[in-house]
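Good morning, and thank you for the time. I would ask you to keep the sequence and the structure in view while I speak.

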Amino acid sequence: MKLKRTGKPVFFVVFVLILALAFTAFFGISDYYGDTKKVYLKGASEIRWGIDIKGGVEAVFSPDKKGVDITSDDMDAAKSIIETRLVNNNITDYEVFADNSNHQIIVRFPWAADESNFDAAAAVQELGETAMLTFCEGETQEKTILSGTDVKKATPGVDEQGNYVVYLDFNDAGSSKFAEATARLVNQTISIWMDETLLSAPTVNQAITGGTCYITGMEDDTAAKELADKINAGSLPFGLTVDDSKLQIISPTLGSDALNVMVIAGSIAFGLICLLMILRYRLNGVIASIALLGQLAGSIACISGYFASANSFTLTIPGIAGIILSIGVGVDCNVIAAERIRDEFQKGKTIDGAIDSGYKNSLSAIIDGNVTIVIVSVVLMGAFGTPDSILAKIFAPIMSLFGTQVTGAIYSFGYTLLIGTIFNLIMGIWASKTMLKSISQFKCLRNPWLYGGSKNA
């Protein structure tokens with residue numbers, strides 16, 4: 001049987017693509033317009049470090065009233081108000097998840113980078129307080145017209161012109177107050193505030209007496225829903241209390257040191273592994289090292305938000321461990337293939353025959369090992385991920401027996417292990433084989449010894 005050969009230029013194409021991915025994934029692509037930085041491709045510096053690296057707080061909030069009919073909309077609104085207060089405290093690196101089935105909100109946020117005396121207890125307590133929504137005359141909070149208790153419901157929608165809006169329904173008291181205020185403030189501004197944060201400042205066009213109105217100026221349906229949730233949050237019939245038994249305080253010093261140690265150890269280990277593979281498997285080892293670089297770059301790209309379809313992922317220390325473990329799996333993949341190629345030379349195969357047969361015979365073992373790890377990763381993400389994720393919903397019937405299990409550190413480990421394994425399948429099987437078959441076509445490299453065969457072959 002005649003073997004199909006891979007063209008010589010293919011090696012350079014794949015090699016350049018991997019180098020380009022590695023460079024852009026690690027360093028990103030950006031430029032400056034004056035003092036404004038415009039990011040085209042996110043690099044490793046854009047990674048959101050988890051609270052176990054920066055240090056921070058993890059708290060679980062629950063309604064402080066029993067017997068109250070709490071809907072999913074109430075939980076979403078409560079989640080929105082916590083997010084608002086986090087941003088209002090200059091905390092933009094956070095995770096907030098609403099567990100509607102158990103009426104819990106899991107909040108994780110890191111220490112501020114430039115603060116040494118961050119009061120975690122005060123911050124957590126403030127996040128759980130009932131929101132104060134107010135409608136004020138003008139663009140300041142000096143004169144209050146009505147409060148969130150006067151709003152029956154806020155609903156996102158679209159007006160007759162196709163613009164995104166938020167519809168407000170007032171109760172009887174709110175309708176009277178709003179009718180009087182809008183009749184008096186025609187062509188003037190009524191501002192809507194949550195605590196001390198300005199949500200919207202619409203201009204009154206005419207007196208509104210029907211007990212309803214709508215707010216314009218929304219960019220899209222997402223913005224409209226977010227504003228509606230924030231307004232609904234101001235009229236929640238409950239406050240949120242913290243479960244002290246689940247409050248976790250993480251030291252920023254420990255996380256920072258662990259990060260430095262793991263990055264240094266990982267870099268040294270990666271270099272040593274590549275060196276050992278080159279010494280042991282010669283040209284096969286060189287190709288394997290290039291493939292491992294591509295696997296690592298792919299993992300970093302998925303974490304940093306490099307790909308437009310994937311948001312930046314919060315990377316924890318267990319997440320770094322997942323990357324390192326996936327690299328180990330990638331090494332195993334290349335070792336299996338290299339050993340099978342060496343076995344084929346012992347059977348008297350040519351270079352082309354040994355490479356084809358070696359990868360063919362190793363494929364089953366590689367697939368079995370990687371699929372097993374993919375299954376484990378998916379289970380970890382489903383069991384310890386956010387309640388609204390697809391995987392969590394799949395495992396919900398089982399995990400509901402154990403209560404909420406949202407644990408960002410374990411989820412991060414499962415995520416990085418999963419993407420690392422997926423890129424291992426791409427780089428360790430397709431890229432490695434393609435590059436090796438291509439480079440073996442060069443006359444100066446047609447020596448079986450370079451691929452694990454005998455010098456005298």
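I shall describe a sheet, several helices and a few backbone angles. Please bear in mind that this is a predicted model.

Let me begin with the sheet. In general, strands of a sheet pair through backbone hydrogen bonds, either parallel or antiparallel. Here the sheet is open and has three strands, in the order β9-β10-β13, and the pairing is antiparallel. Strands β9 and β13, the latter covering 212-218, stand at the edges with a single partner strand each, so one side of each has no neighbour in the sheet. From one strand to the next, the twist averages 25°.

Turning to the individual pairs, β9 comprises residues 151-158 and β10 residues 164-170, and seven bridges join these two antiparallel strands. Within this pair, V151 stands opposite F170 in β10. The hairpin of β9 and β10 has five residues between the strands, and in it G162 adopts a positive phi near 85°. On the other side of the order, β10 and β13 are also antiparallel, with five bridges joining them. There, L168 stands opposite C213 in β13.

Which elements do the buried residues of helix α5 pack against? They pack against β10 and β13, which we have just met, and also against β8 (144-147) and β11. The buried residues of α5 are G174, S175, F178, A179, A181 and T182. As for its length, α5 has 13 residues, which at 1.5 Å a residue should span 18 Å; the end C-alpha atoms are 19 Å apart, in agreement with that expectation.

The same check can be applied to helix α1, residues 8-27. Its 20 residues should span 28 Å at 1.5 Å a residue, and its end C-alpha atoms lie 30 Å apart, which agrees. In α1 the buried residues are F11, V14, I18, L21, A22, T24 and A25. An α-helix has 3.6 residues a turn, so residues three or four places apart point the same way. After α1 comes G28, with a positive phi near 70°.

I now come to two residues whose phi deserves a remark. Most residues other than glycine have a negative phi. N187, however, has a positive phi, near 70°, although it is not glycine. N187 lies in the loop between α5 (172-184) and β11 (190-194). Is N187 buried or exposed? Its relative accessibility is 62%, so N187 counts as exposed, the threshold being over 50%. The second case is R282, again a residue other than glycine, with a positive phi near 55°. R282 is found in the loop between α7 (252-281) and α8 (283-304). With a relative accessible area of 22%, R282 is partly exposed.

Finally, I turn to a helix pair. Two packed helices are described by the angle between their axes and the distance between the axes. Helix α9, residues 317-346, packs against helix α10, residues 351-384, at an angle of about 145°, and the axes are 7 Å apart. The crossing of α9 past α10 is right-handed. Which residues form this contact? From α9 they include V329, C333, I336 and R340, and from α10 they include I351, Y359, A365 and I373. By character, the residues of the contact of α9 with α10 divide into 13 nonpolar, five polar and two charged.

That concludes my presentation; thank you for your attention.

Note on methods. Residues are numbered from 1 along each chain as its sequence is written. This is a predicted model: local features need pLDDT of at least 70, side-chain atom pairs count only at pLDDT 80 or more; totals for chains, interfaces and linings use all residues. Side-chain values use heavy atoms; hydrogens and water are left out. Axes are lines fitted to C-alpha atoms, for helices over the stretch in contact, and angles run from 0 to 180 degrees between N-to-C directions. Helices (H or I, at least four residues) and strands (E, at least two) are DSSP runs, numbered from the N terminus. A crossing is left-handed if the near helix is turned anticlockwise from the far one by less than a right angle, and right-handed if clockwise. Contact means heavy atoms within 4.5 Å. Ala, Val, Leu, Ile, Met, Phe, Trp, Tyr, Cys and Pro count as nonpolar, Asp, Glu, Lys and Arg as charged, and the others, Gly among them, as polar. Two strands pair if DSSP finds at least two bridges between them. Buried means under 20% relative accessible area, exposed over 50%, partly exposed in between (1.4 Å probe, protein chains only). The expected span of a helix is 1.5 Å times one less than its number of residues.
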